[in-house]
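Q: Please take a close look at one part of this protein and describe what lies around it. Begin with a single residue and work outwards, in plain terms.

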Amino acid sequence: MSARPKRLKKRFLSLLETISAAPEKSFPQMTHSPAELLAMYRMLGNFMVTPEKIIEPHVLATAERADHLGLILVPHDTSGISYGGQDTREGLGPLNDG
């Protein structure tokens, strides 16, 4: 790894610490100087910093953990129901107490 990506990674980790210390604040509020704010904006505007690159280590770690577990079930309910129209439908309504 060249020096540039190492520096970028180190700077990005520092940025994450700054953001995670006060995620409810705006960038100008969470930085301590105009120079630090400018560095934050430059980091986030860097073409080498993409959402895919940021999440890549998490994806790889998750895949590695999943690989060791074997079968993984992910229940997911995607059902939806729509009766359409504005009119009340005969026989449709709450069941029992709900």
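**From one proline outwards**

A: Pro5 has a relative accessibility of 26%, so it counts as partly exposed. The value falls between the limits used here, since buried means under 20% and exposed means over 50%. The model is a predicted one, and Pro5 sits in its helix H1. From Pro5 to Met48 is a separation of 43 residues in sequence, yet their C-alpha atoms are 8.8 Å apart in space.

Met48 leads on to Asn46. A polar atom of the Asn46 side chain lies 2.7 Å from the backbone nitrogen of Met48. Asn46 belongs to the loop between H3 and H4. Its relative accessibility is 18%, and it therefore counts as buried, the limit for that label being under 20%. With neighbours within four places in sequence set aside, Asn46 is in contact with Arg4 and Leu8.

Leu8 is also one of the seven residues of the largest nonpolar core; the others are Phe12, Leu15, Met30, Met40, Met43 and Val49. Both H1, which covers residues 3–21, and H3 supply at least two residues of this core. H1 gives the most, with three. Such a grouping fits a general tendency: in soluble globular proteins, nonpolar side chains tend to be buried together. Leu15, a member of the core, touches Met40, Met43 and Leu44 when residues up to four places away in sequence are not counted.

Thr18 is another residue of helix H1. It has a relative accessibility of 18% and so counts as buried. Beyond its neighbours within four places in sequence, Thr18 is in contact with Met30, Glu36 and Met40. Met30 and Met40 are both members of the core described above.

The next step is to the aromatic rings. The structure holds one aromatic pair. Its members are Phe27 and Tyr41, arranged edge-to-face, with 5.9 Å from centre to centre and 65 degrees between the planes. The arrangement is called edge-to-face because the angle between the planes is over 60 degrees. Phe27 is in helix H2 (residues 27–30) and Tyr41 is in helix H3 (residues 34–45), so the pair links distant parts of the chain, 14 residues apart. Both rings belong to partly exposed residues: Phe27 has a relative accessible area of 27%, and Tyr41 has one of 42%.

Past the loop that holds Asn46 comes H4, which spans residues 51–69. H4 has 19 residues and reaches 27 Å from its first C-alpha to its last, close to the 27 Å expected at 1.5 Å a residue. There is nevertheless a kink of about 30 degrees in H4, centred on Pro57. The number of buried residues among the 19 of H4 is zero, so this helix lies largely in the open. After H4 comes Gly70, whose phi is positive, near 90 degrees.

These parts can now be placed in the whole protein. It has four helices and zero strands, which gives the pattern α-α-α-α along the sequence. Of the 98 residues in the protein, 12% are buried. Among contacts with a separation of 6 or more, 42% are between residues 24 or more positions apart. Asn46, which is in contact with Arg4 and Leu8, shows how a residue of the loop meets residues from elsewhere in the sequence.

Methods: Residues are numbered from 1 along each chain as its sequence is written. This is a predicted model: local features need pLDDT of at least 70, side-chain atom pairs count only at pLDDT 80 or more; totals for chains, interfaces and linings use all residues. Side-chain values use heavy atoms; hydrogens and water are left out. The expected span of a helix is 1.5 Å times one less than its number of residues. The bend at a residue is the angle between axes fitted to the seven residues ending there and the seven starting there. Buried means under 20% relative accessible area, exposed over 50%, partly exposed in between (1.4 Å probe, protein chains only). Rings of Phe, Tyr and Trp (its six-membered ring) pair if their centres lie within 6.5 Å; planes under 30 degrees apart count as stacked, over 60 as edge-to-face and the rest as tilted. A nonpolar core is a set of buried Ala, Val, Leu, Ile, Met, Phe, Trp, Tyr and Cys residues joined through side-chain atoms within 4.5 Å. Contact means heavy atoms within 4.5 Å. A polar contact is a pair of N or O atoms within 3.5 Å; within protein, one must be able to donate a hydrogen and the other to accept it, and residues adjacent in sequence count only if both atoms are side-chain atoms.
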